[in-house]
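Student: I have a model open and some labels to query. Can we go through them one at a time?

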Amino acid sequence: MYTGPGHVLVAIAIALVVASAVSPLCGELIVDMPKFAEPITNVTVPVGREATIVCIVDDLGSYKVAWLRVDTQTILTIHNHVITKNHRIGVSHSDHRTWHIHIKEVRESDKGWYMCQINTDPMKSQLGFLDIVVPPDILDYPTSTDMNVREGNNVSLRCAASGSPAPNITWRKEGSDFIRLERSQQVHNVEGPVLNLTRISRSHMGAYLCIASNGVPPSVSKRIMLVVNFPPMIWIQNQLIGAFIGQSLTLECLSEAHPKSINYWTREAGEIIAHGEKYEPEEFVTEQYKTRMKLTIKSVTAEDYGTYKCLSRNALGDTDGTIKIYQVANNGAHSTTRPKHRYKNRNRTRIRVQSNDIRDSAFLSKDENNELQTHYDDEGEFEEYDSGSQTLIANLPLYTAIIVCAITLVYVHE
């Protein structure tokens, strides 16, 4: 039972409103004194909703019930009457046994102890607690905003939130990606108001979600974009490409840079290759900082052989990659040169099928290999032999042996 200086004020107020429960002129009457049927159940309500606190009294008789706010010692209601000027407060009862105090559109300031009191002598009372819960809300300050940082630096992302009870903070990377921590550790989420990232790289780039939750729906989140800046880098899968005359050929480079780079192609002399009837430069952004550069040569001619450069440039630097195109022969196509580096053996057999038509022996049929053949001499020139001459050379050791045997027999006979 609650006792305090407020009881005196309440007793006086109730005495002024209602008459004495038993008249002193009526002699001694035996009546049942009112009592509380059960303790008041504490109530928890989200902010903005309506709260109802219940007080159950047995044998109330002609006694009255009052509701008070304990921390401010404010009388809210007496019996069926609302005393406070707070328009959000209301009172109701069921058969003068179950008494309700209603608080509409509850605020955080409504949180506290409430008293249900009966005007007996001495007064009877009991307490109930009203708890107001508040969904989380992320504060603009000191929560981090979008950040631009240089690759290799350290970064701390911060998230602050209010709510009742105090919210928990969870960090996640948008797109269900792992969060990369130091020592190559990768995790799905990080708990706590601060996310520390050390020696960040381009793989850290992306959107990070600060999620605040406290069990009171809804949870809230804030999206913080982390942008990592670095100078361009270029990767080339094939730096040496063979092509035949008339072929359609596409060169490719992969560029990584942020801020976005300016990308273009040049020939070995430095002239920039523009889009036209012969060349078709293109670029495709595959990820936030990755660009695939393509240069299509629609029909290769002799003057297209040589070195090409793909260049990438942004405010932090520039770089380039080199691709070399060399000529290869095509079946049925004319070729005037072959790259020496493709054949380590300079004396590899070649077949001259027709005038100005040279093909590798590996691509000829058995019948074609039986035709007139040529091979490289030590100076790299072609020497020709017909098949009869080659047969004579192949059998020369046998002819020599027969002649030697004949001469030997002549000398023995003599």
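Tutor: Yes; this is a predicted model, and we will take its labels in turn.

Student: Why is Q73 called partly exposed?

Tutor: Partly exposed covers the range between under 20% and over 50%. Q73 has 41% relative accessibility, so Q73 counts as partly exposed. Q73 sits in the loop between β4 (65-69) and β5 (74-78).

Student: Why is R199 called exposed?

Tutor: The cut-off for exposed is over 50%. R199 is at 66% relative accessibility, so the label is exposed. R199 belongs to the loop between β18 (194-197) and β19.

Student: What makes the phi of Q73 and of R199 worth a label?

Tutor: Most residues other than glycine have a negative phi. Q73 is not a glycine, yet its phi is positive, about 50 degrees. R199 is not a glycine either, and its phi is about 45 degrees, also positive.

Student: How do you know that β7 pairs with β8?

Tutor: Pairing needs at least two bridges. β7 and β8 (residues 98-103) have 6 bridges and run antiparallel, so they pair. Within them, H93 has W99 in β8 as its bridge partner.

Student: What is the strand order in that sheet, and why are β1 and β7 edge strands?

Tutor: The open sheet has 4 strands, in the order β1-β3-β8-β7, with antiparallel pairing. β1 (35-36) and β7 (89-94) each have a single partner strand, so one side of each has no neighbour in the sheet.

Student: Which peptide bond before P142 is called cis, and what is its omega?

Tutor: The bond joining Y141 and P142 is cis, with omega about 10 degrees. P142 is in the loop between β10 (124-138) and β11 (147-150).

Conventions
Residues numbered from 1 in each chain as written. Predicted model: local features only at pLDDT ≥ 70, side-chain atom pairs only at ≥ 80, totals over all residues. Heavy atoms only, no water. Helix = DSSP H or I, 4+ residues; strand = E, 2+ residues; numbered from the N terminus. Buried < 20%, exposed > 50% of the residue type's maximum accessible area, 1.4 Å probe, protein only.
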